[in-house]
Amino acid sequence: MSESPGTKEWSPWTEVDDREELRHRLEELSRSPRLLPEHHDFVRFFFRASDPVLYPLAAMTLGRHASDHPELADWLERYAAARGIALADPVPLVGIRSHRRLLIALAARRAAHPAIQEGALWPLPSELPRNRPADLAIYLRALAILVAGRDAPEARIFAVSVVEDLATEPETLVEGAGAERWAHLLQVVQTHSDDVDEDWAGRLWDQVADAFQRRTRAPESMGLGRRLAYHRALAGLRHGMQAGDRVAPSPSDVDGEAVRHRLGARLRLLGAAGEWWSTSEADRAAAAFDLLDGTLAWPLPSAELHRLLDAFELPGSDRAAARVLLAIARREGVSAAELLDAPSLHAMDDPELLLELLPTERPGELGAALADALEHRMRMAMATDPDSDPSIYLARVEVKRPHPAFLQLLRGVAADREYVDTRGEPVPLNQWLQDLQEELRATREGDVPALLDVPEIPGALTALRGRIRRALAEMDGQADPFSGLARLAVLLEPQLEEGEAGDPGESSSSPAGLPPLLERLEGATEGLQADARFLRRGAERLVPARLREVEGVREAVWELHGRLLEIEDGIARRLPHPEAFLLARALDELRAGMDEWVRALEGLERVQGGSTSDWDSVFQEAAGGGQPAFRARLLPVAWRTLVGASPAGGSDGVDLIEWAIRSGQELPPGARESWLEAVASHWSAMVDQGMEGGLETRVARLVRQPGARALAMLPGVEEPLGRVRTWFFDCYRLADAALATRALNLRRGEGSLVTLPRDFLAFFLHYSPVWLALLVGAILMLDFGDAWTAMAEVGDTQGILVTFVVGLVGAFGYVAAELHSRVRDGPGERVWLNRARRFLRAGVFVLGALVYTLAVVSLLWWLLSGTDEVVHGAGAVLHVVVWSGFALFVGVFFGLMAKGT
């Protein structure tokens, strides 16, 4: 025997995703006189498939060739033994697909090799499975195989009785492929039996067809779904007499122009709601049947079909069948699954539409067929698509919130199967289905544990859900709208969290946030980033600068309430049920937190009462009760309100800071830092303001107060402390500069013993231009001081004294004037006392400059004492004095100018 022509040129079946091509190959192999070894896996795979078109063809192929291939015969025997079935006994049909497969295989084996099977018993069970449509269709198909086999007179006799018996109760043939299989059996009996004639077959066929036709036009209301079942049965009845084993919806007229005209008319009717509802139920059922049958099987190109659908503005997916089916379901207000039958479900082979059909209520008769179709879709994807991820598809199944009974059906389909991917690696689909069912059962019963304790789902769904679950859990239980809104905003934006430690099996740089998750589950993420920006801006508006802006906070909260409701409605329905549940809980917490925040602000506003003179009352209202996150944000608002109500001048601002530092020590750690940071910010601003205005007394009070050391430890204060230290140097306030230095030392973890020596050195270096100018002035005296040298030589004591006093007084006056121009008296300060202190500080500085000048001049005199450039003898002291007076004035004048003061 030779194999069927062309089978050697077939591409590997794992690269084929066309259902019609797979059906064609199985049909070819079922008729082929020989089966090649490379086709064994192909046949075995589809023998165990769920598709009602493909698995019977694979079973026929396996049964026909099993006797010629010991490997296949042994595999078939093991398959039957594992299910408690002996190949020599009739196969019981009890609603289990494995029994149907075996019945087809054994019927095909007996039909192909009757001589070998002489000792074998009849494979068909003794009773017709009248109440189980799928079993009945397989029974009739197996009987047709036996009738068409060689040397099968007993099968033909039995088939005649079965055909006549079912013709008397056509209602039995309505569901599934019963009518088509009955008509095909009738055609096979007529072809292979000599004792029946064409009139007999035609009479039976007309009898059943008339019964179906009457029901489709029956005046009483049957419901659109039931009428569609009769339309499908009538179409199957016609098809069964023509197309042999091929089961597919197909209209009688396949002429292209006729199809376009008919489909256009039906779509026009569907697109007009008024016209649709003015049509009788029987005519709507006929139109729905034509549309559904047409979009599945009529030979119109997809692009042309979509143009027709677009013309009548029928919304839906990018798949024509899905658009038509969902449009009819919406028009009729019924579940889309009610409009289909099992063969139609498998004929669609549309993963998106299958998700749309998942039942949220307890599934009816089509629940098992839909579970078959889903399992077949995942099984085929795992076997043929290297990029297939069944865990993602299961998550998408859960997004649709299917009824737990449907998941039980799906588990039943997959229970006795092993799944592998294209690399041969096992896929734990059964375990995933069990985990999914347990999770859905828990969430439906309302016993979801606290969010922080929700366990991760095992398996591949862990990596998918881990980040979203942790992020949502962080929002729960704190009622903190600030961190909650920020966290939600982060979730709404796609990010890559590089280097983050993840769960086992989770990439450390996998996408975070909702968009990547929703993209994999549904592919609709537009608008999320706009939501994120709105939430970020809203979170900023929740914290007013002062209490007079509380009305703006109320408006922001109402706007956020509305946007959160939109987010919950738009996102929760696109998430798996546990994540949607967590999101709803988290959003409830956010809303409650925002309301509590507004109440806290309003309470503080009432206490303020238009006056902030009672600092302690305002502070106690802001610091008392509530959660720490609120106190940390409410206290700065209270502080800014108090600051805004305090007078800008006078001592009130300094007193307020002293009071705030004392009060802040009573707060718990988190709130204390928040309060003191706000106080420190204001302290820094007042210090800068005081230095800019020259209010040295106020700046000194700000640095001298007892709480300044506590403020000095807070972030952002080091730079102002450095500036105020330098400013104190400029004002010749060495003691106050030492306080600033001590605070800086504390920040650096150093002791205060080294403060004074460091300050002296820093002060000396700060005025280095003056010391350098004094040295230059002393040297200039050698070139320009001949007259004063002569005065020393002749002993002009009076001239020398006048020169020295003029230099000393001029230097002092310049220093005092420069200091007076730098600082001023604050409101309420005693002017005469402040000026006396300034004159004293200026005098001390000039005195220090004089001592330095005398030392420098004395050194120069000593260095030049061996020359004629200096005066010797009794006039030496007078020379040093007049020299120092000259150098003092010149050095101080030019030194301060060079310093930029």
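## Helices α1 and α2

In this predicted model, helix α1 (residues 19-31) and helix α2 (residues 40-47) pack against each other at an angle of about 110°. Angles of 65 to 115 degrees count as roughly perpendicular, and α1 and α2 are therefore roughly perpendicular to each other. Their axes lie 12 Å apart, and the crossing of α1 past α2 is left-handed.

Which residues of α1 and α2 meet? From α1 come L22, R25, L26 and L29, while α2 brings F42, V43 and F46. Sorted by character, the residues of this contact are six nonpolar, no polar and one charged.

## The chain as a whole

Stepping back, the chain has 901 residues, and 52% of them count as buried. Its secondary structure comprises 41 helices and four strands.

How far apart in sequence are the residues that touch? Looking at contacts between residues at least 6 apart in sequence, 70% join residues at least 24 apart.

## Two nonpolar cores

In soluble globular proteins, nonpolar side chains tend to be buried together. Here the largest nonpolar core has 101 residues, and the members that touch the most others are L488, L535, L542, I571, W639, W675 and V724. Which helix gives the most to this core? Helix α31 (residues 669-693) does, with ten residues. Another core, of 85 residues, lies apart from this one and has F46, I85, L128 and L234 among its members. F46 also appears in the meeting of α1 with α2.

W675 is a good residue to look at up close. Setting aside its neighbours within four places in sequence, W675 is in contact with F619, L635, W639, W659, A660, G664 and L667. One of these partners, W639, is listed with W675 among the members of the largest core that touch the most others.

## Helices α31 and α34

Now for a second pair of helices. The axes of α31 and helix α34 (residues 718-730) come within 10 Å and cross at roughly 25°. Because angles under 35 degrees count as roughly parallel, α31 is roughly parallel to α34. The crossing of α31 and α34 is left-handed.

On the α31 side, the contact is made by W683, S684, V687, D688 and M691; on the α34 side, by P720, L721, R723, V724 and W727. These residues divide into seven nonpolar, one polar and two charged. V724 of α34 is also one of the residues that touch the most other members of the largest core.

## Three residues to visit

Is R97 buried or exposed? R97, in helix α5 (residues 97-112), has a relative accessible area of 11%, and since buried means under 20%, R97 is buried. Beyond its neighbours within four places in sequence, R97 is in contact with A49, S50, Y55, D372, V413 and R417.

G885 sits in helix α41 (residues 876-899). G885 counts as buried, because its relative accessibility is 1%. Leaving out neighbours within four places in sequence, G885 is in contact with F804 and G807. Although G885 and G807 are 78 residues apart along the chain, their C-alpha atoms are separated by 4.7 Å.

D569 belongs to helix α26 (residues 550-572). With a relative accessible area of 56%, D569 is exposed, since exposed means over 50%. Between D569 and A580, eleven residues apart in sequence, the C-alpha to C-alpha distance is 9.9 Å.

Methods. Residues are numbered from 1 along each chain as its sequence is written. This is a predicted model: local features need pLDDT of at least 70, side-chain atom pairs count only at pLDDT 80 or more; totals for chains, interfaces and linings use all residues. Side-chain values use heavy atoms; hydrogens and water are left out. A nonpolar core is a set of buried Ala, Val, Leu, Ile, Met, Phe, Trp, Tyr and Cys residues joined through side-chain atoms within 4.5 Å. Buried means under 20% relative accessible area, exposed over 50%, partly exposed in between (1.4 Å probe, protein chains only). Contact means heavy atoms within 4.5 Å. Axes are lines fitted to C-alpha atoms, for helices over the stretch in contact, and angles run from 0 to 180 degrees between N-to-C directions. Angles under 35 degrees count as roughly parallel, over 145 as roughly antiparallel, 65 to 115 as roughly perpendicular and the rest as oblique. A crossing is left-handed if the near helix is turned anticlockwise from the far one by less than a right angle, and right-handed if clockwise. Ala, Val, Leu, Ile, Met, Phe, Trp, Tyr, Cys and Pro count as nonpolar, Asp, Glu, Lys and Arg as charged, and the others, Gly among them, as polar.
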